[in-house]
Amino acid sequence: MVSYKELGLVNTREMFAKAVKGGYAIPAFNFNNMEQLQAIIKAAAETHSPVILQVSSGARKYANQTLLRYMAQGAVEYAKELGWEHPQIALHLDHGNSFELCKSCVDFGFSSVMIDASALPYEENIALTRQVVEYAHQFDVTVEAELGVLAGVEDEVVAEESHYTKPEEVIDFATRTGCDSLAISIGTSHGAYKFTPEQCTRDPKTGRLVPPPLAVDVLDEIMKKLPGFPIVLHGSSSVPQEYVDIINANGGKLPDAVGIPEEQLRKAAKSAVCKINIDSDSRLAFTAAVRKVFAEKPGEFDPRKYCGPARDEMERLYVHKIKEVLGSDGKAD
Ligand SMILES: [Zn+2]
């Protein structure tokens, strides 16, 4: 058993309380490898933004759980080296689907876990979430739960259709589970294909898809029921079209990839939404940069020569999200 406190990490309680009060959101960036971690930490240190390093169970398998723990610890030390005196970095399990997985993450140094039992019937969701909360809170680890179902594909999380969170359930759910934050479904979606062309309209000038708006009325209802309670948005990548264009122009094939417009996320960040999950956008940034190098320099075979530019592009993306979308810059001083 290793406590996240020994690794220099923090849980999400204080960062969320401040974010809700301050009208901004904390970035939750998924990571799988060293370059992504470097980019996240550099962006957070440079902007003095609290940050959540997010790991899915797929990422945990990919990177190895022991290595991950030391990477998180290394991230804290790296942040200090970059001049960030008191780094506010959380290590969070994304979409934990069982008590055992959540427990294992708590025992391995995570400071926050998500138990996603949203696909289960309501009472079973409550029971499993409650069980995880009871275990995690003994070690001061915070717990995110989910009500409602997001469409899309993310690692092992797949749902064909979305079901909006029912505002009439949130008080009962939050009270009975004791969860620290709640992921809701209001029309965001996992992956780089958040909506089918049929769900969108098409901009006649550019020919690009325009996605349907988020269900802001559902969010408002939830905030009325649970004033000040930390709300989480999953599936909130914007799928920047410049990356999609670079990928498609350099041998890739991502037709009609579409995300959530940043304007909508900017508004959400000002509300009780205090954690916004971004994964696909950094995958796109990475892939666009790598494809560009390969297209321009077919003879390149030193991974540093294409992973390096990919890392720089991800860092630019993270800084942009922190400053221009979430508003969390300068909040970790
Ligand atoms: Zn998610």
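**Exercise 1.** Decide whether serine 56 is buried or exposed.

*Solution.* Serine 56 has 21 other C-beta atoms within 10 Å, so it is buried; a residue is buried if 20 or more other C-beta atoms lie within 10 Å of its own, exposed if 12 or fewer, and partly exposed in between, with C-beta atoms placed from the backbone. Next, locate the residue: serine 56 lies in strand β2, residues 51–56, where a strand is a DSSP run of E of at least two residues and a helix a run of H or I of at least four, both numbered from the N terminus.

The model is predicted, and local features need pLDDT of at least 70, side-chain atom pairs count only at pLDDT 80 or more, while totals for chains, interfaces and linings use all residues. Residues are numbered from 1 along each chain as its sequence is written.

**Exercise 2.** Find the order in which the eight strands close into a barrel.

*Solution.* The order is β1-β2-β3-β4-β5-β8-β12-β13, with parallel pairing, and two strands pair if DSSP finds at least two bridges between them. The twist from one strand to the next averages 25°. As one pair, strand β12 (residues 231–233) is joined to strand β13 (residues 273–278) by three bridges, and leucine 233 stands opposite isoleucine 276 in β13.

**Exercise 3.** Identify the residues that leucine 182 touches, leaving aside those up to four places away in sequence.

*Solution.* Leucine 182 touches Ala145, Leu147, Val170, Ala174, Phe229, Ile231 and Val232, where contact requires C-beta atoms, placed from the backbone, within 7 Å.

Definitions and conventions: Axes fitted to C-alpha atoms, helices over the stretch in contact; angles between N-to-C directions. Contact = placed C-beta atoms within 7 Å.
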